[in-house]
Amino acid sequence: MKQFLEGAVAIARTVALCRPGVISAYPITPQTHIVEELSSLIANGELNAEFVNVESEHSAASCVLGAVATGVRAYSSTSSQGLLLMAEVLFNIAGMRLPVVMCCVNRAVSAPLNIWNDQQDIMTVRDAGIILLFAETIQEACDLHIQAFKIAEHKEVMLPVIVNIDGYILSHGYEPVELPLQETVDKFLPPYNPAYKLDVDNPVTLGPLSGPEYYLETRYAIQQTMNNEVIKIISQVAKEFTDLFGRESYGLVESYKLDDAETVFVAMGSICGVIKEVVDELRDKGEKVGVVRIISYRPFPNETLVKLVASTKKIIVIEKAISLGSNGPLFTEISSLLYTTHNNKNKPLISGYICGLGGRDVTKEEIVSIYEESKTQSPTAKFINVKQENLGSVI
Amino acid sequence: MVDEKILFTAGHTACAGCGQSLAARLVIDASGRNTIVVTNTGCLEVFSTGYPYSSWKVPFIHSLFENAAAVASGIESALKYLRKKDSVNVIAQAGDGGFADIGFQAFSGLWERGHDVLTICYDNEAYMNTGVQRSGLTPLGSETTTSPSGTRSYGNITHKKNIVDIALAHNCVYVATASIHLPIDLQNKVKKANKLKGAKFLHIFAPCPLGWRYDPSLSIEVAKMAVETGFWPIVEYENGVLINVRKIKELKPIEEYLKLQGRFQHLFSSETGKQVIEQLKQIVENNIKKYNLIET
């Protein structure tokens, strides 16, 4: 039965169904509703877990690190500055191969202080060894959380997962959501039972010093796991999810109206909903367009993407992040992929557009005009909807 | 041969005369097998866990420089969730920089939340692992690589932060100081702290021959002199009440402590230095009054 729920509440109730033993978080907008709901579930006896109200996000990430190292499933969520404060710990969690699951409610990064949505925050930790998934809808955000625990804790993976949801749009928006039954989640997600943990009956040393003779292999091992096991396991878990829950989950990417598409939009997160609507309207007018929605940004689905755009003439990357001084991170990813691996006979033109930073609305009309412009131009990092009147000179 | 009773084994790479390695061994041997140890980045972690070796015969985790207290909070919460906390001790430990500077917020958080964890500061009064830079626990006048003495400097210009009083202000159930030259006292305090439920704090004086510039054979002597000059009071609080003070039979002048160490030598050769020594004497006076240190 579908319930009309706020995104954050739906996510919190889904997380509760995954039976975490320890939850730790620090307040930051727009993530707060998730942990408020989790606290409330614990306070009312609906969830048996320890909630640790820590004094910073650095400690929130460290607290779940400790809990998972002790063999207990743990969860945290954050946004923006909170994620940046966690960054040091997140690299550490990945390096220690601890399957922490978190939600990043994506928000702009200060300065100037801005609490609204874009995806610049998560890009700061894209190189950490964390599996990064992006949801388009509230339902998908919930579904990805359940899968995230299974992927992270898979014995061939043992890496953290961050489920990314667009701040406000998905965290504070309301949507009819299907929350699964506890017994179905239990069937899908077995209890966490790691090969090694902090246990007085079987003492191990975790987090040792490692010199030049060992460090490099720790990074090689994560890279191998990401590009081989994780790529396979994300798809496999999505299929298992679809079979058991009866609701489609797409795995690494979702392809939308790609058959015969000559122009393909590539994007991540909730903006894909807008782009799909535009694609529907363009299709009605006879335009050959489609969408590739990246769900797994890390690991990046190289092989799948190359196949999906094998006969595409034009790729338009639309993203809510910018690597200042370069291009949008997703644009860079796609262009590097196609330059290095794509069949030379079909090298599509790639345009990069930056939009929606700091919560600026992105309209269907803007997507349409990007499409029209792409027929004659291929910019690499063009900001859309820049208000010239806001660019006054400094006196 | 490895002695089964020893939980912190030989073969680590600490310097000769290292006060911290001795203290860490005394702590874990007193705490026993049913202990999980969390250690901040610093000398102790570096010299005891160089992969693929480890000196720890108990579960040990090191994460970062400043998060042992938060990691320990997570471990303690996980043990509570598993209903195993009553049978397992958790120790969160760090050097003075990792404890009182960069890691202090996390320790304050742990204390305030009252996690059932024994927190330990091994105090060698500077950042030794990175090459003897000053910390918030470096005493006034001490020379370090970032508080050198010179024509315009008498060494460290700040007083040592009083973390015993700060721990008491957090209502920790147990707060005590200890020193490596009093091993039985130190181990008794660890055992007592572990028996009490809640946040506990043990501040251990751990001389460092390299950073303090004295002969490695003198570590115990240096520690002893710090206590006998009234510079490092040995005290014990339970639930905020001072229950024990180690009395000094014959108070020694502070100079006897300072002269043992290279880091204070410059104080004896300038007028400013002599004024600093007067200020250090004032600290001793304050300690004597505050704790009634002298045996009568």
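So, where chain A meets chain B: 36 residues of chain A are in contact with 36 residues of chain B, where contact means that the C-beta atoms, placed from the backbone, lie within 7 Å. Keep in mind that this is a predicted model, where local features need pLDDT of at least 70, side-chain atom pairs count only at pLDDT 80 or more, and totals for chains, interfaces and linings use all residues. Residues are numbered from 1 along each chain as its sequence is written, while chains are lettered from A and ligands numbered from 1 in the order in which they are written.

Which element gives the largest share of chain A's side? That's helix 3 of chain A, with nine residues. Helices here are DSSP runs of H or I with at least four residues, strands are runs of E with at least two, and both are numbered from the N terminus. By class, chain A's side has 20 nonpolar, twelve polar and four charged residues. Nonpolar covers Ala, Val, Leu, Ile, Met, Phe, Trp, Tyr, Cys and Pro, charged is Asp, Glu, Lys and Arg, and the others, Gly among them, are polar.

There's strand pairing across the chains too: strand 9 of chain A runs parallel to strand 2 (residues 60-62) of chain B, joined by two bridges. Pairing takes at least two bridges found by DSSP. In that spot, A:Thr205 stands opposite B:Phe60.

How sure is the predictor? The model scores ipTM 0.96 and pTM 0.97. Chain B averages a pLDDT of 97, with 99% of the residues scoring at least 70; pLDDT is the predictor's confidence in each residue, from 0 to 100.

Conventions. Two residues are in contact if their C-beta atoms, placed from the backbone, lie within 7 Å.
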